[in-house]
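Reader: I would like to go through this model with you and ask how some of the labels are earned. Could we take them one at a time?

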Amino acid sequence: MKTNTIKRQLAAGVAALALGAMATAANAADNGKYRVGIVTFLSGPAAGPFGIPSANAAKVIVDGLNKGALPAPYNTKGINGAEIEAVVIDEAGGATKQVEEFRNLVQRQKVDAVVGYISSGDCLAIAPVAEELKALTVFYDCGTSRLFTDNTKPTYTFRTGLDAAVDNIGAVRYLAATKPDVTKIAGIQQNYAWGQDSWTDFTESLAKLMPKAKVVESQMPKVFQGQYGAEISALSVKRPQVVHSSFWGGDMEAFVLQANARGLLDDAVALLTCGESALDRFKDQAPNGTIIGARGPFGAFAPDNELNTWFVKAYTDAYGMAPTYPATKMAHAILGLKAAAEKAGGNNGSVPTAEATAAAFKGATFESVSGTAKMARADGHQAVQPISYGTYKYDPKTGKASIENIITFSGECVTPPDGTTSDAWIKAGFPGAVCN
Amino acid sequence: MRLDKTELALVGLAVLLLLGGMVAPGWLIFLVTIALAKALVVQGVVMQMKAGLVSFGQGLFYCVGGYAVGMGGPFLGISAGLVLLAIGVVAAVGLAMVLGLLLTRYREIFFAMLSLAFSMILYGVLVKSQELGSTDGFNVNNWTLLGQTIAGGETATHVVFLLTVVAAAVVAFLLHRYYRSSVGMTCEAIRENEVRVEYLGLSPRWIQYANYVAAAGVSALGGGLTALAAGHVDPDMAYWTTSGEFIFIALLGGTGSVLAPFLAAIVFSLVRTYAIEFVPHAWQMILGFTLLGIVVFLPKGLWSLFTRHRPEAPVVPAAPQKTSTGGAGA
């Protein structure tokens, strides 16, 4: 009998917990603050290199905005005078779960806007739901070219980060500018959508811009493999002059370490499209001259403007290291949102509606930590910004790494015009590209 | 047709859910929809657990069901939701009929590993299919129900909810009858002692086979409904962690009743979503402690909270037999 009572109490406890949780959720909203859902990886392999720096950046920017500490034009408090409240959510767990959590953010936690998403699969799944729920959503990092071709006629969804095709078009343009005589090129990518798409964009751009260069080897190990001995051997025997890789995070660092130790990088130059996120960690493990990118004018490539100076200082003070590109991208997205919400107007201290903010965001030009961004593609929903590449330089005396030989390509030079898919634009030989 | 207590509860709960769906907020409706759809996959796991097999690859059929719904539109030009779901079930059953020939030769860890291997093969194939979006997957949209186009918005959420509740209730009803039938009982007997069942003149292997194939169909239905509700499919559906989640939910609920997986799936979703909300940096730990707590304090799952404490096996299965022979005699 005793176990029975305990069981009954347990059952009642479970039921009470469930009801209690639902009740607390109901009154969490409408507190007059501007609630922003921040969705980024807090666990899993993408958390360390991308998710945590992004979440940290969100905290720095939100705190700074609430204190009114940022330089002009963002020296007003909060968003439209309303205090910002960030609701941070983990992006791990796959697209179905993210759709569920997105609905919870919008309908249960009543956020006014959502900023987030690193995984392209998550962005693709979230976009139609955001439109359906009329929830203002800013994708800050995911790179898939399919975002606005699969979800045509966006109203509430925006992307402040750049299309992944831009990374690879920019990478080829950098090669063409700095190493025009290269003839043997190899690649190593993670075998999933990101790696496959990157390699397609890179090789197709290469065929147009550097027709003399031949692809001598392509390796596609599975994602998060960690050990690349066999792949490095396969690359080495083909004696490439440049090794392109869209690896990111731990995989990228592991590859650079192993390739360097095995001599692949003695003769070949590595071209790492996501290399900047490990700038402070390579130390002497990456050879000088390694070409690295940051998927846009972010991180170490961010321009020397007042906003970025403030951001780098605030971030470094709080976390003891300079912001990497995912951090800058997050700050960039939140500033874009603030600019749009304030352009939408309304009384000071009020929270503008999603409709008004979306209308103001569409086609907007705003100042940011990464320079001036223009929402000039996908009918005013996709940002256009320049992309920079440079070479790695490590100073063993100071223990500091820096980037030199930076070349920046304007947005018009690397971004397909509206109405053209990146794939078609590359194959047509970049018609209408305006390069500096 | 006389309904027993569980069946009455099933009908009652289904009606209650449908009524609740009229007033509940959108997020809760969606959460329950996904939970019930996943619970159908868990039913497939439980069906095999009852027969002594733990499938570590039920995600295979979940994924087949989901991709059938997703691919029906762009590749076959079919937009009727019910037809898409049926295609998923048929595809999964067909696949299970082939795989079952091999898998039902194995037991215990060998079955678990082999089932996991097949789901990972599907995962690998999908990841390498760039035309299907590789790991990014693709969206499922523009489907119809009984000739009506399901436009986005709250209507779609409600329609899928209704569809899922009805499908879950019907499947649960059939499963409950199945578990009480002689074949269903034989499954439990196979788990306890396969050799004795053979001595009874039955073939454990073919019973396992039929059970495996039926479980595949049920799981595929869950996958199809998830795809319709979430509007997106990706290869993660076949990844082993997804299959692990189904086992997690099965253990959480226990095999005590056909209602247990539904309860467990809803509790799991609620615990997870609130863990994510309140402890965003350590929500997995909350889930882990929940399972740990269940294993330690309720080894027969959450369902044991709802059963009266009484002696196990000997009395329960004997009871219906006695009444039936009594009825025949009179």
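Reader: Glad to have it in view. What makes β9 and β10 of chain A a pair, and in which sense do they run, parallel or antiparallel?

Author: Happy to start there, with the reminder that this is a predicted model. Strand β9 (residues 269-272) and strand β10 (residues 291-293) of chain A are joined by two bridges, in the parallel sense. Pairing requires at least two bridges, so the two bridges of β9(A) and β10(A) meet the cut-off. Within β10(A), I292(A) is the residue opposite L272(A).

Reader: How many bridges link β8(A) and β9(A)?

Author: Four bridges, again in the parallel sense. Here V243(A) faces A270(A) of β9(A).

Reader: What is the order of the seven strands in the open sheet of chain A?

Author: The order is β7-β6-β8-β9-β10-β14-β15, and the pairing is mixed. At the edges are β7 (214-219) and β15 (400-409) of chain A.

Reader: What makes β7(A) and β15(A) edge strands?

Author: Each of them pairs on one side only, so the label follows from the pairing rule of at least two bridges. As for twist, neighbouring strands of this sheet are turned by 25° against each other on average, with direction ignored.

Reader: Which helices of chain A lie on these strands, α6 and α7?

Author: Both do. Helix α6 (residues 164-178) lies across β8 (242-245), β9, β10, β14 (387-395) and β15 of chain A, at about 65° to β14(A). Helix α7 (residues 193-209) packs on the sheet too, touching β6 (184-188), β7 and β8 of chain A. The direction of α7(A) makes about 170° with that of β6(A).

Reader: Why is α3(A) called largely enclosed?

Author: A residue counts as buried when 20 or more other C-beta atoms lie within 10 Å of its own. In α3(A), 14 of the 14 residues are buried, and therefore the helix is largely enclosed by the rest of the structure.

Reader: How do you know that the span of α3(A) is close to the expected one?

Author: The 14 residues of α3(A) reach 19 Å from the first C-alpha to the last, against the 20 Å expected at 1.5 Å a residue. After the helix comes K110(A), with a positive phi near 50°.

Reader: Which element gives the most to the side of chain A that touches chain B?

Author: That is α3(A) again, with nine residues. In total, 35 residues of chain A are in contact with 35 residues of chain B. The residues on the chain A side divide into 15 nonpolar, twelve polar and eight charged.

Reader: Why is K153(A) called exposed?

Author: The cut-off for exposed is 12 or fewer other C-beta atoms within 10 Å. K153(A) has 9, so it is exposed. Its loop runs between α5 (147-150) and β5 (157-159) of chain A. K153(A) also has a positive phi of about 55° although it is not a glycine.

Reader: What about E108(B): buried or exposed?

Author: With 10 C-beta neighbours inside 10 Å, E108(B) falls under the same limit and therefore counts as exposed. Its place is in helix α5 (residues 108-127) of chain B, and its phi is positive, about 50°, although it is not a glycine.

Reader: One last item: what is the peptide bond from A72(A) to P73(A), cis or trans?

Author: It is cis, with omega near 5°. P73(A) sits in the loop between α2 (47-67) and β2 of chain A. For context, most peptide bonds are trans.

Methods:
Residues are numbered from 1 along each chain as its sequence is written. Chains are lettered from A and ligands numbered from 1 in the order in which they are written. This is a predicted model: local features need pLDDT of at least 70, side-chain atom pairs count only at pLDDT 80 or more; totals for chains, interfaces and linings use all residues. Axes are lines fitted to C-alpha atoms, for helices over the stretch in contact, and angles run from 0 to 180 degrees between N-to-C directions. Two residues are in contact if their C-beta atoms, placed from the backbone, lie within 7 Å. Ala, Val, Leu, Ile, Met, Phe, Trp, Tyr, Cys and Pro count as nonpolar, Asp, Glu, Lys and Arg as charged, and the others, Gly among them, as polar. The expected span of a helix is 1.5 Å times one less than its number of residues.
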